[in-house]
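Reader: Hi! Could you walk me through this one? I'm new to all this.
Author: Happy to, let's take a look together.

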Amino acid sequence: MQITRQFTGINLGYLLDLYEQYQRDPHAVDPAWQAFFAHWGPRLVQELAAPAPPDGRVAPVFDLSKVVAAVNLAQAIRHRGHLAARLDPLGSPPPGDPALELASHGLSEADLAALPASVVGGPLSEGAANAAEAIARLRHVYCGTIGYDFGHVEAPAERRWLLDAVESGRYATPLSPEEKRALLERLTQVEVFERFLHRAFVGQKRFSIEGNDMLVPMLDLLVRSAALNGIPTVALGMAHRGRLNVLAHVLGKPYEAIIAEFMGLHHREPVSEAGGGTFGYTGDVKYHLGADRPAGDGLPVHVVLANNPSHLEFVNPVLEGMARALQDDRSAPGAPKRSADACLPVLIHGDAAFPGEGIVAETLNLAQLPGYTTGGTVHIIVNNQLGYTTEPWEGRSTQYASDIARGYEIPVIHVNADDPEACLIATRIAFAYRQAFHKDILIDMIGYRRWGHNEGDEPSFTQPVLYETITKHPTVRAIWAERLASEGLVTVEQAEQMVQEALGTLQQIRQELAQHADGVSGNGLVGSNGRALEIQTAVPLERLREFNRQAHALPETFHLNPKLRRQLQRRLEVGEGDGPVDWAHAELLAFAAILADGIPIRLTGQDTIRGTFSQRHIAFFDVETNERYVPLQHLPAARASFDVHNSPLSEAAPLGFEYGYSVQAPEALVLWEAQFGDFANVAQVIIDQFIVSGRAKWHQDSGMVLLLPHGYEGQGPEHSSARLERFLQLAAEENIRVANCTTAAQYFHLLRRQALLLRVMPRPLIVMTPKSLLRHPKAASALSELAQGTFQPVLDDAEARSHPDDIARVVFCSGKVFVDLVTSPLWEKAKQQVAVVRVEQLYPFPEAELADVIARYRQAVDWIWLQEEPKNMGAWTFIQPRLQALLGDRPLRYVGRPERSSPAEGFAELHEREQARILAEALQGVPERAARV
């Protein structure tokens with residue numbers, strides 16, 4: 001019987017293809033196929049190389065068809081065994097898979113018993129009496145209470161490592177008696193904490209961990225593993241479920257603090273500040289708060305838990321950004337030096353949110369990108385098998401909640417949450433894989449939710465049968481205690497004593513807090529009013545020129561694009577004189593000066609290296625080798641790192657990442673640039689829930705910068721507006737800075753000011769950056785303007801200042817429309833009577849500066865706010881009440897587009913017509929000025 005006769009057509013081709021892979025690398029195929037080819041490979045080659053014997057009766061040692069069937073069965077168990085694993089603590093049957101059945105392969109137990117164990121391959125076949133015993137061992141490992149789901153992992157080295165990790169048993173070391181008792185103690189603390197809160201504070205939301213209690217011991221193990229491997233920091237990100245328990249038992253937040261929050265004893269009031277005004281630290285609900293546990297208490301690991309809003313998974317990119325900041329060494333010039341082992345990121349997800357929230361996929365996509373990788377994240381899905389009241393079949397289109405991870409070749413380990421040892425095995429493998437390959441891995445811990453979604457609703461209204469089962473189901477602590485009792489490691493009485501001691505501790509704390517409630521004072525936090533202090537941002541002229549030379553220096557062997565060479569030469573020439581310096585050139589000089597001050601910079605965004613409008617060119621690419629060279633990373637004057645990356649084509653995760661980075665690297669100037677300003681719409685959750693409110697909710701400062709191209713040039717509704725009105729609507733308590741500046745010098749000083757304020761008064765800076773003004777002569781500045789002065793929140797009309805009493809109309813505006821106004825054919829006739837005042841910083845509102853301007857033009861009788869955005873957009877609704885209050889009884893008129901539902905016209909000719917109309921209205925029909933005072 002010939003081997004090749006057992007296969008025909010595509011089957012023979014498949015066999016030969018596998019054999020070729022095996023010959024290149026035996027470990028590139030599964031262990032069962034390794035065993036097959038080790039035995040049959042030489043004969044296969046012999047048959048293909050020579051004609052078959054005339055009688056065709058060369059008999060194999062074993063029935064070849066049964067050998068191949070056994071190999072395929074073993075392969076199916078390794079890849080699909082998770083479908084037969086007992087993963088549900090509540091006992092629902094696994095879905096199963098026909099490929100796991102003997103009959104599907106034409107096999108019987110007798111057939112397997114007649115075959116050697118070696119046909120199964122791998123460590124589990126060693127010492128087995130035959131293939132039947134080896135297959136039984138495979139089923140025990142792959143179809144027990146752990147389901148290994150990594151058939152989608154393509155990299156041979158990773159597949160080989162995972163198979164060996166599972167089958168060798170080196171991560172399944174049984175717990176010692178002491179470790180088993182310690183685990184019971186931990187599970188008792190976890191359960192009793194929830195039980196106490198449930199009874200003591202009836203109806204209060206806490207998002208209980210019950211049903212997935214093993215999360216805490218798993219996190220304990222990850223923290224210990226980090227310590228043993230010299231990882232100094234573990235960064236955690238999670239939503240609500242189980243958060244209070246993690247805060248108490250992993251982050252070490254005192255029980256007193258948590259119970260006091262339930263008792264309403266930590267209310268924080270707004271406090272008057274030395275800088276003027278008030279900052280209301282309004283705080284946040286207790287299950288959104290983060291914490292920071294410094295290394296100590298015998299554990300040399302710093303553990304940080306990121307603050308998180310109700311938008312569940314949106315903490316994912318924020319946490320990754322925090323982790324990257326902890327991994328980057330920004331202290332030296334050049335690109336930051338990164339160590340993946342400086343921080344272990346751990347993300348804890350919900351089973352409904354993981355496939356349901358698009359931010360999850362965006363974050364997973366960052367994992368292997370050079371500008372965003374954190375060297376592998378351990379993901380844990382706290383799987384309740386229920387999303388609020390929505391069943392899995394209503395909430396996802398996949399078998400598992402984790403299936404989205406398969407597309408990113410992330411190994412998945414499904415585990416039954418009621419099997420503590422299985423949960424710890426999964427955790428050990430996950431950590432070891434992360435360390436071996438510095439890639440993401442996911443644990444899908446399948447449990448249940450003992451109470452309603454937030455303890456305040458009745459789950460039996462929507463899942464009556466499920467909750468009848470849950471009500472009768474013992475807790476994992478009870479299951480573990482019973483097992484230890486059966487092993488003689490504890491008695492029932494000892495287990496109950498643990499419960500009573502833990503409960504007594506919590507009850508005593510509550511009683512003591514109640515007795516001293518009157519003495520608990522408010523815990524207001526003093527901040528700052530957010531106004532930018534007068535800071536010296538000018539740079540001496542000769543130093544600027546030296547920065548200019550250094551920032552445009554390329555290696556002698558570098559082959560630069562000829563078009564860029566002309567641009568670079570022009571920049572060098574204007575730098576030796578007095579300009580004019582355009583927008584991107586001023587930005588480059590600002591970056592150089594900031595780096596020379598020892599302040600690191602991280603700049604990211606879509607097409608940011610070149611610039612959306614081909615304006616930046618912060619990196620150059622050799623036309624012959626495609627080698628990238630970033631002059632700012634070789635700047636002799638630099639005393640800190642410069643990092644620049646193009647982002648993936650998404651906004652929410654990249655912006656969240658940069659926010660997290662800025663929080664964890666407060667000394668660094670972190671900038672994110674949208675390709676067009678309206679792209680930030682997609683990241684509105686990050687803007688609303690983190691950037692503008694993080695300080696008020698969590699006292700979490702950020703000095704990050706958003707660069708949002710904004711301006712009406714006839715490009716249609718989608719690429720005109722960065723939605724300035726939204727940021728101004730969100731501005732309060734001086735939480736952010738919003739600027740819409742018009743010259744390169746103003747932008748230079750604005751960036752310098754932001755960088756220098758990072759250590760003393762950090763606030764997010766929102767900049768409406770230009771498009772057409774990037775190269776417009778009216779927006780360019782003399783180099784000397786960078787060498788003197790500082791950022792001006794308001795720019796008065798330089799010419800009108802020389803004859804203020806001749807001014808009858810004052811036009812206030814912001815941004816690009818100023819240039820449209822002063823380049824209009826109508827301007828020459830109007831400028832003797834019209835002053836144009838630019839509000840360069842919209843928030844904090846420059847009240848004092850505008851009051852000075854208004855006082856200067858005391859003969860003016862017509863006061864206008866001009867904008868190119870529709871009336872219900874742009875700055876009008878923000879500016880009008882504030883500016884009108886300064887004008888008193890002098891009315892402020894609006895000139896601009898009427899209210900619209902869409903930001904801009906869809907056709908260039910309509911835009912030109914409307915733009916001409918508003919400019920004419922602003923410049924024509926100037927009334928007689930008031931009588932001289």
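Author: One term to start: buried means under 20% relative accessible area, exposed means over 50%, and partly exposed is in between (1.4 Å probe, protein chains only). This is a predicted model, where local features need pLDDT of at least 70, side-chain atom pairs count only at pLDDT 80 or more, and totals for chains, interfaces and linings use all residues. Residues are numbered from 1 along each chain as its sequence is written, and side-chain values use heavy atoms, leaving out hydrogens and water.

Reader: Cool. Are F201 and F262 buried or exposed?
Author: F201 and F262 are both buried.

Reader: And how many aromatic pairs are there?
Author: There are 22 aromatic pairs. Rings of Phe, Tyr and Trp (its six-membered ring) pair if their centres lie within 6.5 Å; planes under 30 degrees apart count as stacked, over 60 as edge-to-face and the rest as tilted.

Reader: What kind of pair do F196 and F201 make?
Author: Their planes are at 85° and the ring centres 6.3 Å apart, so F196 and F201 are edge-to-face. F201 and F262, in turn, are stacked, with 5.0 Å centre to centre and 20° between the planes.

Reader: What lies over the face of F201?
Author: That's R510, at 4.9 Å from the ring centre. A charge sits over a ring if NZ of Lys or CZ of Arg is within 6 Å of the ring centre and within 35 degrees of the ring normal. The charged end of R838 likewise sits over the ring of F818, 3.8 Å from its centre.

Reader: New topic: which residues form one aromatic cluster?
Author: W161, Y171, Y433 and F437 do.
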